[in-house]
Amino acid sequence: MLTSTQVPGGLNWLDLGTPDIDAAVAFYTGLFGWQFQSAGPEAGGYGFFQKDGRTVGAAGPLTEEGASSAWTVYFRTVDADATAKSVEQAGGSVRVPPSQVFTAGRMAAFTDPAGADFAVWEPGDTDGLERVNDPGSVSWIELYTTDAAAAKAFYGSVLSWETRDMPMGGGIVYSIAGPAGGGEQTMHGGLMELPQENRDAGSTSEWHPYVEVEDCDATVAKAQELGATVIIPATDGEGVGRFAMMLDPFGAPFAVIKSATA
């Protein structure tokens, strides 16, 4: 589970890009009991998902030509401009140059060398997510990548991450990742290399969030009623919990999990 959104290099924001804001809001509010608060007419349709009055994510219209519906994970930085330079030096690309978002902070969006999109946030008035790990909020993030070794080197260079491999059998290695120096206390996500059969089927590198839920199976059933497509049905992971992965009605991948308790 997530520990802190305050550590540089750690997850601290999450938003959805979608071709239909109203329909996407209806889906996620119906599924997780979220409320949606518009950021105002000057924000171009962008707004905040909240749970019990605390921000758990955000959503807005697709703004990049050719973009597909997806959740974008943002990592905290103390200098968005310096991070952009590090991304280019490490072989990634800058999709959206560092820019000021009113007085909220500065953001920039990138693509890693294997094709996964992500972003960074340099806080101003808006520090980051206000609720994590509780039911109805993000509790983990995950990268599927076509090159795990390159991903570890890239994020280690750009965001000062450290990773720890966890062999899962069958030749699959799952790595947990987080800002260097914090050990397991600052791990915020995992990464794994896509098997060849998944690549042959068209899977590409991408980040996706896990939303904590009280009942994984009931949430999956509700999501299907609301138009989601199940990719990975509800599955038990030893010491992890019960989880499932889906596509929302517009194709954005996300996962849900009922985390194991100590």
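This note goes through two sheets, their helices, one pocket and two unusual backbone angles in a predicted model.

1. The sheet that holds β1. Eight strands make up an open sheet with mixed pairing, and their order is β2-β3-β4-β1-β5-β8-β7-β6. The strands at the edges are β2 (35–38) and β6 (93–101); each has a single partner strand, so one side of each has no neighbour in the sheet. Between neighbouring strands of this sheet the turn is 25 degrees on average, with direction ignored.

2. Strand β4 and its partners. On one side, β4 (residues 54–61) runs parallel to β1 (residues 11–18), and four bridges join the two. Threonine 18 is found opposite proline 61 of β4. β4 is also joined to β3 (residues 47–51), this time by five bridges and in the antiparallel sense. Here phenylalanine 49 faces glycine 57 in β4.

3. Burial of β4. How many of the eight residues of β4 are buried? Six are, so the strand is largely enclosed by the rest of the structure. The cut-off behind this is a relative accessible area under 20% for a buried residue.

4. The turn between β3 and β4. These two strands form a hairpin with two residues between them. Aspartate 52 lies in this loop and has a positive phi of about 55 degrees although it is not a glycine. As background, most residues other than glycine have a negative phi. Is aspartate 52 buried or exposed? Its relative accessibility is 56%, so aspartate 52 counts as exposed, the limit being over 50%.

5. Helix α2. This helix, residues 80–89, lies across three strands: β6, β7 (105–111) and β8 (117–123). Its direction is at about 180 degrees to that of β6. β6 is one of the edge strands described in point 1.

6. The sheet that holds β9. A further open sheet of eight strands, again with mixed pairing, has the order β10-β11-β12-β9-β13-β16-β15-β14. Which strands stand at its edges? They are β10 (161–169) and β14 (229–237), each of which has a single partner strand, so one side of each is left without a neighbour in the sheet. From one strand to the next, the twist averages 25 degrees.

7. Helix α3 on this sheet. The helix packs on the sheet and touches five strands, namely β9 (138–145), β10, β11, β12 and β13 (206–212). The direction of α3 makes about 155 degrees with that of β10.

8. Strands β14, β15 and β16. β15 (residues 241–247) pairs with β16 (residues 253–259) in the antiparallel sense over seven bridges, with methionine 246 opposite phenylalanine 254 in β16. β14 and β15 are also antiparallel, and six bridges join them. In this pair aspartate 236 stands opposite arginine 242 of β15. The hairpin of β14 and β15 has three residues between the strands, and glycine 239 there takes a positive phi near 75 degrees.

9. Helix α5. Residues 216–225 form this helix, which lies across β14, β15 and β16. The helix runs at about 10 degrees to β15.

10. The loop after α3. Serine 160 lies in the loop between α3 and β10. Its phi is near 55 degrees, a positive value in a residue other than glycine. With a relative accessible area of 43%, serine 160 is partly exposed, as the value falls between the limits of 20% and 50%.

11. The second largest pocket. This pocket holds about 160 Å³ of space. Its lining includes Ala148 and Lys152, as well as Gly170, Gly171, Ile172 and Val173. Leu191, Met192 and Glu193 are also among the lining residues. Which elements give two or more residues to the lining? They are α3 (148–159), β11 (172–179) and β12 (189–193). These three elements also appear in point 7, where α3 touches β11 and β12. By type, the lining divides into six nonpolar, three polar and two charged residues.

Methods. Residues are numbered from 1 along each chain as its sequence is written. This is a predicted model: local features need pLDDT of at least 70, side-chain atom pairs count only at pLDDT 80 or more; totals for chains, interfaces and linings use all residues. Side-chain values use heavy atoms; hydrogens and water are left out. Two strands pair if DSSP finds at least two bridges between them. Axes are lines fitted to C-alpha atoms, for helices over the stretch in contact, and angles run from 0 to 180 degrees between N-to-C directions. Contact means heavy atoms within 4.5 Å. On a 1 Å grid over the protein atoms alone, a cavity is a set of points where a 1.4 Å probe fits but cannot get out, and a pocket is an open set with protein on both sides within 12 Å along at least five of seven lines; lining residues have an atom within 4 Å of a point. Grid points are joined across faces, edges and corners, and a volume is the space filled by probe spheres set on the points. Ala, Val, Leu, Ile, Met, Phe, Trp, Tyr, Cys and Pro count as nonpolar, Asp, Glu, Lys and Arg as charged, and the others, Gly among them, as polar. Buried means under 20% relative accessible area, exposed over 50%, partly exposed in between (1.4 Å probe, protein chains only).
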